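Let's take a walk through this protein together. Keep the sequence and the 3D view side by side as you read.

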Amino acid sequence: QVQLRESGGGLVQAGGSLRLSCLASGRTFSEYVVGWFRQAPGKERGIVATMRWNGGYTYYAGSVKGRFTISRDHAKNTVDLYMNSLTPEDTAVYYCAARGVSKREYDIWGQGIQVTVSS
């Protein structure tokens with residue numbers, strides 16, 4: 001069973017950048033789709049970006065397209081989210097999640113990490 005742990009969150013000024021990292025333990029991400037989600041106060045959790053670990057599929061929410069990049073690091077067994085041109089609207093708890101490629105629902109979740117963008 002894969003276990004996920006996020007790192008890299010924190011406080012940044014508007015216009016700045018952050019990199020979030022999702023480390024998998026227990027096994028590799030092989031045959032998984034890995035995604036980043038976020039939940040802002042008073043809002044539902046929504047998808048930010050996803051990718052298939054073995055390649056061939058990447059998705060970005062419209063609100064982050066062109067600013068965020070999801071990528072994998074095989075050596076470190078991580079899926080990273082590079083966030084540029086951050087705005088206060090990006091403030092949220094960010095979650096890493098994974099599902100088997102044959103599943104529809106994400107059933108493995110990290111504990112979440114806070115990202116705060118100040119104006």
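**Starting from one bridge**

Find leucine 4 and look across to strand 3, where alanine 24 is its bridge partner. Before going on, bear in mind that this is a predicted model. That one bridge is part of a longer contact: strand 1 and strand 3 (residues 18-25) run antiparallel to each other and share five bridges. As a reminder, strands of a sheet pair through backbone hydrogen bonds, and they can do that in a parallel or an antiparallel way.

Now widen the view a bit. Strands 1 and 3 belong to an open sheet of four strands, ordered 1-3-8-7 and paired antiparallel. At the edges sit strand 1 (3-7) and strand 7 (68-73), each of which pairs on one side only. If you look at how the neighbours in this sheet are set against each other, they are turned by 20 degrees on average, ignoring direction.

Let's cross to the other edge of the sheet. Here strand 7 meets strand 8 (residues 78-83), again in the antiparallel sense, and this time over six bridges. Pick out phenylalanine 68 and you'll find its bridge partner, methionine 83, in strand 8. Strands 7 and 8 form a hairpin with four residues between the strands, and asparagine 77 in this hairpin has a positive phi near 60 degrees.

Time to zoom out. What does the protein chain look like when you read along the sequence? The pattern is β-β-β-β-β-β-β-β-β-β-β, which fits the count of eleven strands and zero helices. The radius of gyration is 13 Å, close to the 14 Å that the globule rule gives for 119 residues, so the protein chain is as compact as a globular protein of that length. Along the principal axes, the C-alpha atoms fill a box of roughly 40 × 30 × 25 Å. As for what is hidden from the outside, 45% of the 119 residues count as buried.

Finally, have a look at the surface. Which residues make a nonpolar patch there? Ile47, Tyr57 and Tyr59 do, and the patch covers about 260 Å². Isoleucine 47 lies in strand 5 (residues 46-52). Is isoleucine 47 buried, exposed or partly exposed? With a relative accessibility of 33%, isoleucine 47 counts as partly exposed, because that category lies between the buried cut-off of under 20% and the exposed one of over 50%.

Terms used. Residues are numbered from 1 along each chain as its sequence is written. This is a predicted model: local features need pLDDT of at least 70, side-chain atom pairs count only at pLDDT 80 or more; totals for chains, interfaces and linings use all residues. Side-chain values use heavy atoms; hydrogens and water are left out. Patches are made of residues with over 30% relative accessible area and no salt bridge: like charges are joined within 9 Å, nonpolar side chains (Val, Leu, Ile, Met, Phe, Trp, Tyr) within 5 Å. Accessible areas come from the Shrake-Rupley method with a 1.4 Å probe; for residues, only the protein chains shown count as cover. A salt bridge is a side-chain nitrogen of Lys or Arg within 4 Å of a carboxyl oxygen of Asp or Glu. Helices (H or I, at least four residues) and strands (E, at least two) are DSSP runs, numbered from the N terminus. Buried means under 20% relative accessible area, exposed over 50%, partly exposed in between (1.4 Å probe, protein chains only). Two strands pair if DSSP finds at least two bridges between them. Axes are lines fitted to C-alpha atoms, for helices over the stretch in contact, and angles run from 0 to 180 degrees between N-to-C directions. The radius of gyration is taken over C-alpha atoms; the globule rule is 2.2 Å times the number of residues to the power 0.38.
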